[in-house]
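User: I have a predicted model open and would like a close look at one part of it. Please take me through a single helix and what it packs against.

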Amino acid sequence: MNMPLIIKKPMTMMLTLVVLLSLIAPAMAQENGVASDGKAPTAPLQGQGPTDPIELEAFLDELVGREMEEYHIAGAAVSVVRGGELFFAKGYGYADLENGLPVDPEQTAFRIGSTTKLFAWTAVMQLVEQGKLDLEADVNTYLDFRIPDTYPQPITLRHLLTHTAGFEDLYVDFVTLDSEDLLPPGAFLASHIPARVRPPGDCAAYSNYGAALAGYVVARVSGQSYDQYIQEHILDPLGMAHSAALATLHPNVGAHQSVGYLYEDGAFQVFPKFYGPSDLAPMGYMGASATDIARFMIAHLQDGRYSDANIPETRILGESTARQMHTTLFTHDPRLLGTAYGFFDFSDNGQRTIGHNGEAEPMHSLLLLLLDQKLGVFVAYNSLDAGALTTQHLGFQRAFFDHYYPAPAVDPIQPPADFAERAGRFVGSYRMTRSAYTTLEKFMGFLGITVVEISDPGDGTLALATPWGEWRFVEVGPLYFRQVDAPFHIVFREDDRGHITRLFTDYTPQFGFEKLNWYETPGFNMALLLGCVLIFLSMIPVALVRAIRNRRLTGERKPSPRGARLAERIIQGICVLNLLFVVGSILGNNPRPSFGVSLNFQIVLGLGVLSAVLTVGALAYTVLAWKNSYWGVASRTYYSLVTVAAVAFIWFLNYWNLLGWRY
């Protein structure tokens, strides 16, 4: 499950009604060499998977056509392989709406996002097979810069393969709209090292940086640039002529690359074109056509071997290495789905399945390998709202598996009689381990994007609410729960005092979840922020009333002591600064600084620092106000209340790494 870098801007291009209507019509699906001879499609045999290309085409036409209409998708492509051959491939909709270019499954290249990582991991295993890399060696052995020794245990390639290196998750400076702004090769990884926030091997936390680091190791050890290595050792041997590790730099791929779209104001708009440092290519920069990915799937399903009419036989991996890649390398619990050598275990409806999904905004992809069936499925979409369709176990995968490999109904489970007494220990907010901890990007947790909730509905189950759906679970063993209506599980982990500390799920082998303290939860922090803002806003009418009253009483009483006047100015300044901080943060579209931290937002962060300095002064004057009786009791109480709100606001900023320039 990849986290999006969503950017929606108003666009000026409008599409004609004719194009819109034709786009969502099933008739616009493009033929691709899987010929229809007019025979009626045969119904799929239960549990046998797709056996008839005609039936598969009918199923996908209906499914993808419905998806395109419901999720506003301009174009898509699907490829299916079985038994070492391309079984089906088809394009749907348009790769370029303005020029009326349909999606061609053989030539149209989609940005496949994190599905790219499978090529990086394959490259790593090629070099392991050759004895040039050791999965257990300190990764610093292969670098020309050093990952800090935060923990006694070194980070190894095994940790990178399983996303257990312990890095926090960062996005700052990941993309730019201008290719001239890119750092030279090697510079980004050395200058943007994420903090190590947990010991390696302790817990999975999906890491783009970790994958990019592995790709850099491939380049260092092979003596080639990463994209050259992938081209020479994977793409060329497999005949992937319409794919490239750096799609924007490959002329053949660039010429056939799909345009990206978002749907806004009732029309498709062209999505801005992003550029990123070449160091990050292994994490998600590949462009590939659906039939090219089919070749890659065939090679993995045939234990590293590939052949077709034009390629007598080639290997990208030895048989034993390929099989090793598909075995489980890490799991949070033996009873849960885990991670293979870069692949994730997406097993579903009783079918052993490994795969990966990808997001390169606005495009999305999903690759699935059903190992026992020798079946591979790939789907790609070129539009922003398709993200829900490539989430593992949901969207496209859910529809495909339920159609071809329907699972029998699970047996109902009765909750333990005493569970109601213990349910409360599990209830709470849990933050994804794939989060920022030391930078201002931690604020994503406040927005709820990286947090899931466990609640007690009172019926003997636990309810899990996530960004991808809500499910109920019943206890089947100590700290072990099964989904009420599906064979998916969750496991809790406790500390030596019996307190629940973590949550792991079958749905997310890429990361776990950490239980939050009450003061870390989005609910508490939202209430705190709103309370502070209301108190700061209250200073406006209070200041006006005082100004009017003082004007009326001019000459009738002695002026306020100098200390009292200064105290009023300080607290008013704090309120103004804090309100400007909130407004500036909203208007500044931060803190998800994928394009870097703008100068405007740097100034906003400075407001918080200035407010913190003044808050120290307000604390001092609060004491003086009571000691010297600056005003009446009501005014002193109000001044104290605003000061407390100012202190609380500074705590809020500091907790979310918004106090100062922490990025």
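Analyst: Let us take helix H16. This is a predicted model.

The buried residues of H16 pack against two helices, H15 (562-587) and H17 (633-655). H16 itself covers residues 599-628, which is 30 residues. Is its length what a helix should give? At 1.5 Å a residue, H16 should span 44 Å. Its end C-alpha atoms lie 43 Å apart, so the two values agree.

Now the buried positions. Toward the start of the list come Phe601, Val604, Leu605, Leu607 and Gly608. Ser611, Ala612, Thr615 and Ala618 are buried too. Tyr621, Thr622 and Ala625 complete the set.

Next, the partner H15. Leucine 577 sits in this helix. Leucine 577 has a relative accessible area of 11%, so it counts as buried, the cut-off being under 20%. Leaving out residues up to four places away in sequence, leucine 577 touches Leu607, Leu610, Ser611 and Leu614. Two of these contacts, Leu607 and Ser611, are on the buried list of H16. The C-alpha atoms of leucine 577 and leucine 607 are 5.9 Å apart, although 30 residues separate them along the chain.

At the other end, the chain leaves H16 through serine 629. Just after the helix, serine 629 takes a positive phi of about 50°.

A word on cysteines. Cysteine 575 is buried, because its relative accessibility is 2%. Cysteine 532 is buried as well, at 4%. The structure holds 0 disulfides.

Key. Residues are numbered from 1 along each chain as its sequence is written. This is a predicted model: local features need pLDDT of at least 70, side-chain atom pairs count only at pLDDT 80 or more; totals for chains, interfaces and linings use all residues. Side-chain values use heavy atoms; hydrogens and water are left out. Helices (H or I, at least four residues) and strands (E, at least two) are DSSP runs, numbered from the N terminus. The expected span of a helix is 1.5 Å times one less than its number of residues. Buried means under 20% relative accessible area, exposed over 50%, partly exposed in between (1.4 Å probe, protein chains only). Contact means heavy atoms within 4.5 Å. A disulfide is a pair of cysteine sulfur atoms within 2.5 Å.
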